[in-house]
Amino acid sequence: MGLGGCIILIAVGAILTFATDWDMQGVNLDLVGIIFMAVGLIGVATFSSIARRRRVMVPPATTVVEDDRRYRDM
């Protein structure tokens, strides 16, 4: 799940928790919204820690160029 999916989970969870007043028998939509928001926040934290590890730059190895003096004077 990418960063966009995590943000969508947070948004859907917030909508279910704060913007709806539906009553479904056997389902607490406020709790479902809070669970969606928590999973989205965990996903954002995981995604950012993985992205931070990918950004670590390894310095490039230096290349050695040897100058062959036998061919320079030709």
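The following questions and answers cover the fold, the helices and the surface of a predicted model.

User: How are residues numbered, and which pLDDT limits apply?
Analyst: Numbering starts from 1 along each chain as its sequence is written, and side-chain values use heavy atoms, with hydrogens and water left out. Totals for chains, interfaces and linings use all residues of this predicted model, whereas side-chain atom pairs count only at pLDDT 80 or more and local features need pLDDT of at least 70.

User: How many helices and strands does the protein have?
Analyst: Helices (H or I, at least four residues) and strands (E, at least two) are DSSP runs, numbered from the N terminus. On that basis the protein has two helices and zero strands.

User: What share of the residues is buried?
Analyst: Buried means under 20% relative accessible area, exposed over 50%, and partly exposed in between (1.4 Å probe, protein chains only). The protein has 74 residues, and the buried share is 15%.

User: What part of the accessible surface belongs to carbon and sulfur atoms?
Analyst: Areas come from the Shrake-Rupley method with a 1.4 Å probe; for residues, only the protein chains shown count as cover. The total for the protein is about 6500 Å². The carbon and sulfur part is 65%.

User: What span does helix α1 reach from its first C-alpha to its last?
Analyst: Helix α1 covers residues 3–19, 17 residues in total. The expected span is 1.5 Å times one less than the number of residues. That gives 24 Å for α1, and the model comes close at 23 Å.

User: Which residues of α1 are buried, and what arc do they cover?
Analyst: The buried residues are C6, G13, L16 and T17. The arc is that of the directions from the helix axis to the C-beta atoms. These residues lie on the same side of α1, because their arc is only 95°.

User: Which exposed residues does the opposite face of α1 carry?
Analyst: This face is turned away from the buried side of α1. Its exposed residues are I8, F18 and A19.

User: What C-alpha distance separates I42 and C6?
Analyst: I42 sits in helix α2 and is exposed, at 56% relative accessible area. C6 is one of the buried residues of α1. The two are 36 residues apart along the chain, and their C-alpha atoms are separated by 8.3 Å.

User: How far apart in space are G4 and V44?
Analyst: G4 belongs to helix α1 and is partly exposed at 41% relative accessibility. In sequence, G4 and V44 are 40 residues apart. C-alpha to C-alpha, the distance is 9.1 Å.

User: Which residues form a nonpolar patch with about 240 Å² of accessible area?
Analyst: One member is F47, in helix α2 (residues 29–54), partly exposed at 32% relative accessibility. Patch residues have over 30% relative accessible area and no salt bridge; like charges are joined within 9 Å, nonpolar side chains (Val, Leu, Ile, Met, Phe, Trp, Tyr) within 5 Å. A salt bridge is a side-chain nitrogen of Lys or Arg within 4 Å of a carboxyl oxygen of Asp or Glu. The patch is formed by L3, I7 and F47.
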